[in-house]
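Visitor: I would like to go through this model term by term. Please set each label against its criterion before using it.

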Amino acid sequence: MAGLQVTDIQGFILSSYASNMPCATYMMLRITDYKQGRTWLSKLYADITPASDRKADYALNIAFTSSGLAKFGFSAEEVTTFPQSFQDGMTATHRSSILGDQGINAPENWKWGNKQSPVDILVLLFAANEDILAEQVQASKDSIEGTGGIEIVVVLAAGRQPDSKEHFGFLDGIGQPVIEGSNRESKQFDRTGHATVVKSGEFILGYLNELNILMPVPAAKGMVNFGINGTYLVFRQIEQNVSAFWKFLEEATRKADGTTDLDSMERTASKMVGRWKSGAPLTKYPLVDPVEAAEVNEENDFEYQAGDRDGFGCPFGSHIRRANPRDSLNTDPVKALQSSKRHRIIRRGRSYGDRTKDVFVDDGKERGLHFICLNSSIERQFEFIQQTWINNKTFAKLYDEVDPIIGQHTRESLFTIQQEPVRCRIQHISNFTTLKGGAYFFMPGMAALRFLAGI
Amino acid sequence: MKQVILTIITNINPDKSNDLEKLLFEIESDLEHNSILKFPAITLLHFACFVIISGQGSETYLIFENNFDDTIDNYLEQLTQEAGPGLHKIYSCCSDYNEINYDKTRLITYLRHAINYPNTYHIGNVGRSAVRIQQECQLREQVEDYIDTQLRIPGNKVSVLPLRNGIQNFARTNSLFSSIKSVGPRQTFIERFLPWLHVTIFLIGLIIFLPVLIPAGTLWVIVLRRVEKADMASKDLPNVNHLQNLVEREDKIAQNHIATITTVKPGWFRQITLRMVLWVANLLARTSNKGELSGIPSIHFAHWALIENGKRLLFFSNYDGSWSSYLDDFIDKASRGLTGIWSNTVGFPKTRFLILDGARNEAAFKAYARASQLETLVWYSAYPKLTVQIIDKDSLIRENLYTSLNGEATTEWLKLF
């Protein structure tokens, strides 16, 4: 087992900080003057949290887009040592088509991260409570204004909901891979009844990946191993339209006499997600939400081939079966799992906005998810999941349907629920999420940060 | 019905290469309604493409990839019947086509002379014609709608046997499907049996000649390791503009197309090795009739063909899903077979013992694949929404529509929807 260089890896790569630091703010910055930007970074450096630092009051981490690195002096030639996806950025035409970012989700409609509002740097701030967070945000703003050369594009507040549920009402963040060497296997096992250990090279550059290969590490002229201990961070601000979601389901499951069928509504919503609201997987609990399953901690202990080959529990097209098909995409479950392991991401997102008081009422407030994921290959991990699983109209032999929760739907969109004696199809699925911004970042190791800051 | 894969390779007249590109552009802009080659009229066709490659010298070639049903004679007859004058225009841009006026017989003769057969090929949905595939898709789509209407009837308790009877009646009374009552086997017994016989004979041959093969094989391995150590893997990254041109054409329909050309490593050793590997791969590929090639379930038609007396190797594939998922399948499931073939071409990532490493080196392999990929100037699919797996599902629905099934089999059959 490869030991991870925890003093060089940024803390956010190994920890979400969620248990100690439930409050977070993400600052998107733009560099206007390289020299001042470099001074700013050299001052900030002492505050950046490495993985070896176990402090619990606040944490700060930082990542750069390719334009950010270019402004920090990376030549065009040096930038080509990064993968094409990172060089292009999330908004390049071809990347949008891979990601399915079309129509209302197209970059031109975003609030930030697009041509109108480009981003160079992401600063992630985490704190134990709102007061500390406010202090830290203020300190960051002061330092940015004080040094100059950097301007704030947007400040995005986030906070875990008290019960870890996302806005549609479902427990989130359950199925996470464990990085080999991070010593979190038992923790994940206790938490969810299951731990999939994935080679560290799938998430951190400079380590062996699932194929036992060292992927090439981006290089700078002055630092050959610039990319080592770094990772790629994908950020997407996803607005959730809670009332549209529940109103659609209310209509779709209305009884023949015109009354609302609460049981059917909740069941159908859970079929679309693949889990009950409690987080209990439909594969293990096909009939009813066990509610206390969260306490018995086995939300993640299941495979599809043994328990749910026909999709009668968790439908083939449900969100969690698309986002992580586990052992289901090959007749041989062991081989299927091996392939799936090469397409995993670590999710580090947090909800933003207030919880809705009445899910059927549009209160006009924006809420959603700041989706963040980490991977060592944007192409093979995040983009692959998005293109080959989430938005694939023929995923698992389905026809003309995409992810019911985060997919972008047309008038003909369907969602098929496999059941006996024959499947039923939910017709005319509408859009429940809207993309508001996004970018591909590189989160460098501590030594690479010193190189960038010239210290 | 049998499927055939071949390419038609002709020399482009340098003075007319601009005209040719214009013609191809016009076809690609509207595959169905252009004035030159209206693909849907060629009902025997599954997939077709046009690519242009530069020769070893100053010459350039036009390659027309054809994946079709029935015999070569019948296909060329239909192709010229439906698109003769258009093809005449295309081939008038080629230096060895000297017809001033269109003449069907002479065009067929010309095309026939230019045929290049694959060394190794694979067909995903063995034995199903393009027409059958489209018809079975239509059947499934309409039965799906029928099921929906049954489920929508208030108070209607749908159960297995009445539902199946209802579906049968629906299909029987629908004029579109009245012709599909009976369907022959996908392959005849001989077609299924022969490939296994060939493999068996090959294995018996191996055993008989073992006393000779052991020293010969040892010698071969020694030479192989020497040449492998001396081989240089390409460090070139694909040109950014080239990459852009390739990706812009991708992900428009359920399938994608890849065409690559690579140069075979010089010398008789690599030449013989490659020919042997292609021959064995083809022998084994013939036994695969369940839709998968080496565990990859997403290939409709693929083939390798040596051209220019074995100097270069062509690869064509019509596959489901994205380029990156296809290449990942290569790496995950078929890296040894592919490495065994492509390790004999210049620039391939470093290998050991012909089949090890190579394609497993993901970054280098993907860069090699992109760098050797040709721009597909025209590409046609007869069923743009269907994957190999969906076509198989549709066939199962149709093949068991009227057969007598017991309760359990009927339940399984309904799961296909």
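Guide: Two strands pair if DSSP finds at least two bridges between them. This is a predicted model, and the pairings below are read from it.

Visitor: What makes β2(B) and β11 (residues 378-381) of chain B a pair?
Guide: Four bridges join β2(B) to β11(B), and the criterion asks for at least two. The two strands therefore count as paired, and they run antiparallel. Within this pair, Cys49(B) stands opposite Trp379(B).

Visitor: How do you know that β2(B) also pairs with β3 (residues 60-69) of chain B?
Guide: Nine bridges join β2(B) to β3(B), where at least two are needed. The direction is antiparallel. Ser54(B) stands opposite Thr60(B), and the bridge partner of Val51(B) is Ile63(B). The two strands form a hairpin, with five residues between them.

Visitor: What makes β2(B) largely enclosed?
Guide: A residue is buried if 20 or more other C-beta atoms lie within 10 Å of its own. Seven of the ten residues of β2(B), which covers residues 45-54, are buried, so the strand is largely enclosed by the rest of the structure.

Visitor: Which sheet holds β2(B), and why are β4 and β11 of chain B said to stand at its edges?
Guide: The sheet is open and has five strands in the order β4-β1-β3-β2-β11 (chain B), with antiparallel pairing. β4(B) (115-116) and β11(B) each have a single partner strand, so one side of each has no neighbour in the sheet. Helix α1 (residues 17-29) of chain B packs on this sheet and touches β2, β3 and β11 of chain B. The direction of α1(B) makes about 30° with that of β11(B).

Visitor: What is the strand order in the sheet that contains β5 of chain B?
Guide: That open sheet has four strands in the order β5-β7-β8-β6 (chain B), and the pairing is antiparallel. β5 (120-123) and β6 (255-263) of chain B are its edge strands because each has a single partner strand. Neighbouring strands of this sheet are turned by 10° against each other on average, direction ignored.

Visitor: How do you know that β6(B) pairs with β8 (residues 312-320) of chain B?
Guide: Nine bridges join them, against a requirement of at least two. The strands run antiparallel, and His257(B) stands opposite Asn318(B).

Visitor: Why is Asn282(B) called partly exposed?
Guide: The label applies between the limits of 12 or fewer for exposed and 20 or more for buried. Asn282(B) has 18 other C-beta atoms within 10 Å, so it is partly exposed. The residue lies in helix α9 (residues 268-285) of chain B. Leaving aside neighbours within four places in sequence, Asn282(B) is in contact with Asn119(B), Thr120(B) and Tyr121(B). Asn282(B) and Phe348(B) are 66 residues apart in sequence and 21 Å apart in space, C-alpha to C-alpha.

Visitor: How do you know that the radius of gyration of chain A agrees with a compact globule?
Guide: For 455 residues, a compact globule would have a value near 23 Å; chain A has 22 Å, so the two agree. The C-alpha atoms of chain A fill a box of roughly 70 × 50 × 40 Å along the principal axes. Buried residues make up 53% of the chain. Of the contacts in chain A with a separation of 6 or more, 69% join residues 24 or more positions apart. Chain A has 16 helices and 13 strands.

Visitor: How many residues does each chain give to the contact between them?
Guide: Chain B gives 32 residues and chain A gives 26. Helix α10(B) (323-333) gives the most to the side of chain B that touches chain A, with four residues. That side divides into 13 nonpolar, nine polar and ten charged residues.

Visitor: What makes α15 (residues 379-390) of chain A and α10(B) a crossing pair?
Guide: Their axes come within 10 Å and cross at roughly 120°, and the crossing is left-handed. Glu379(A), Arg380(A), Phe384(A) and Thr388(A) meet Ser324(B), Ser325(B) and Asp328(B). The residues of this helix contact divide into one nonpolar, three polar and three charged.

Key:
Residues numbered from 1 in each chain as written. Chains lettered and ligands numbered in written order. Predicted model: local features only at pLDDT ≥ 70, side-chain atom pairs only at ≥ 80, totals over all residues. Axes fitted to C-alpha atoms, helices over the stretch in contact; angles between N-to-C directions. Contact = placed C-beta atoms within 7 Å. Nonpolar A, V, L, I, M, F, W, Y, C, P; charged D, E, K, R; others polar. Rg over C-alpha atoms; globule rule 2.2 N^0.38 Å. Left-handed = near helix turned anticlockwise from the far one by under 90°.
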